[in-house]
Amino acid sequence: MEVNILQNNWTENLKSKIYGGNLKLFESIESTNKKMFEDLNNNKNLKEGTVYIALKQTAGKGSYGNSWVSDNDLGLWFSVLLYSPFKKEVLTFLPCIALTKLLKEKFNINAHIKWPNDVLVEHKKISGTLIQITTVDDKKACVIGTGINLYHNENDFYSEIRNKATSLFLETGIKVDLEEFYKEFIYYFEEIYLGEKNLIELFKENSEIIGKKIKAKKDGKEIEAFVKDITEEGYLKVEVDNKEEIWISRASLDIDTFY
Ligand code: BTN
């Protein structure tokens, strides 16, 4: 169900100018990514920077076909639309950089980006991003879906992920105002996207992975890799057994969060 956003403060006093002002708020929906994707393909004219937020998602989508449990009001579940020439792999970094900077600067939390699309606090995941691309009138439309865990207690996470997940509340003891947090996030998002620095440079500044040894599972086998760099395409340049490799996707890799 779509909620009338005039009844609340979601778009009042927004500091961002282009992104986030066009907002659709849903009380409960399968997935904000899915809904935005469908609307784009049904010729709904959606403007650059449109945002869909769900207070609950009944079928939240995670990366690589996983689900993203969000059938609750414990986080910020949203999608932002960008008509962007950037490659999907690089664009994935955008919300991760925005959130990492916000957490560091406003909450004094030592957050960092885990390649390619997670934000961690220490070794625990606080946020993930899923990008889906479609074409509208010959323009590439990128639906950038991000989930940020805000209010969870440990027991709110499924037992399988309990020791791998965290929330802003668990890290700070603060229950932020959802609308204010959204407005701050979208401001960071816009400043970064329209700013001078490129996303690869900013990824490197906000990630801890470069220069570290990481453990991963590749084709079921545990391997150790030394991370040398991030390429201009957003790929991971590693050294395994003295040989350089470029890892394009995390799909078949299970990268450890301890590094
Ligand atoms: C991941 O697996 O880390 C990516 C999670 C992405 C979740 C967000 S929540 C808002 C948007 N809608 C979805 O269905 N998924 C993304």
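The following exercises, with worked solutions, concern strands, salt bridges and cysteines in a predicted model.

Residues are numbered from 1 along each chain as its sequence is written, and side-chain values use heavy atoms, without hydrogens and water. Because the model is predicted, local features need pLDDT of at least 70 and side-chain atom pairs count only at pLDDT 80 or more, while totals for chains, interfaces and linings use all residues.

**Exercise 1.** Determine which residues of strand β11 form its covered face, and describe how β11 pairs with β10 and β12.

*Solution.* Step 1: strands are DSSP runs of E with at least two residues, and helices are runs of H or I with at least four, numbered from the N terminus. Step 2: β11 spans residues 236-240. L236, V238 and V240 make up the covered face, with K237 and E239 on the uncovered one. In a regular strand the side chains alternate between the two faces of the sheet.

Step 3: strands pair if DSSP finds at least two bridges between them. β10 (residues 221-230) runs antiparallel to β11, with four bridges joining them. β11 is also antiparallel to β12 (residues 243-247), here over five bridges. Step 4: E239 is the bridge partner of F226, and E239 also stands opposite E244 in β12. Step 5: the β10-β11 hairpin has five residues between the strands, and G234 takes a positive phi near 90°. In the β11-β12 hairpin, with two residues between the strands, D241 takes a positive phi near 50°.

**Exercise 2.** Identify the parts of the chain that are tied together by the salt bridges K218-E245 and K228-E244.

*Solution.* Step 1: a salt bridge is a side-chain nitrogen of Lys or Arg within 4 Å of a carboxyl oxygen of Asp or Glu; the whole structure holds 16. Step 2: the closest N and O atoms of K218 and E245 are 3.1 Å apart. K218 lies in β9 (residues 213-218) and E245 in β12, so this pair ties together parts 27 residues apart in sequence. Step 3: for K228 and E244 the closest N and O atoms are 3.0 Å apart. This pair links β10 to β12, parts 16 residues apart in sequence.

**Exercise 3.** Establish whether C96 and C142 are buried or exposed, and how many disulfides the structure holds.

*Solution.* Step 1: a disulfide is a pair of cysteine sulfur atoms within 2.5 Å, and the structure holds zero. Step 2: the cysteine sulfur nearest to that of C96 belongs to C142, 14 Å away. Step 3: buried means under 20% relative accessible area, exposed over 50%, and partly exposed in between (1.4 Å probe, protein chains only). C96, at 1%, is buried, and C142, at 0%, is buried.
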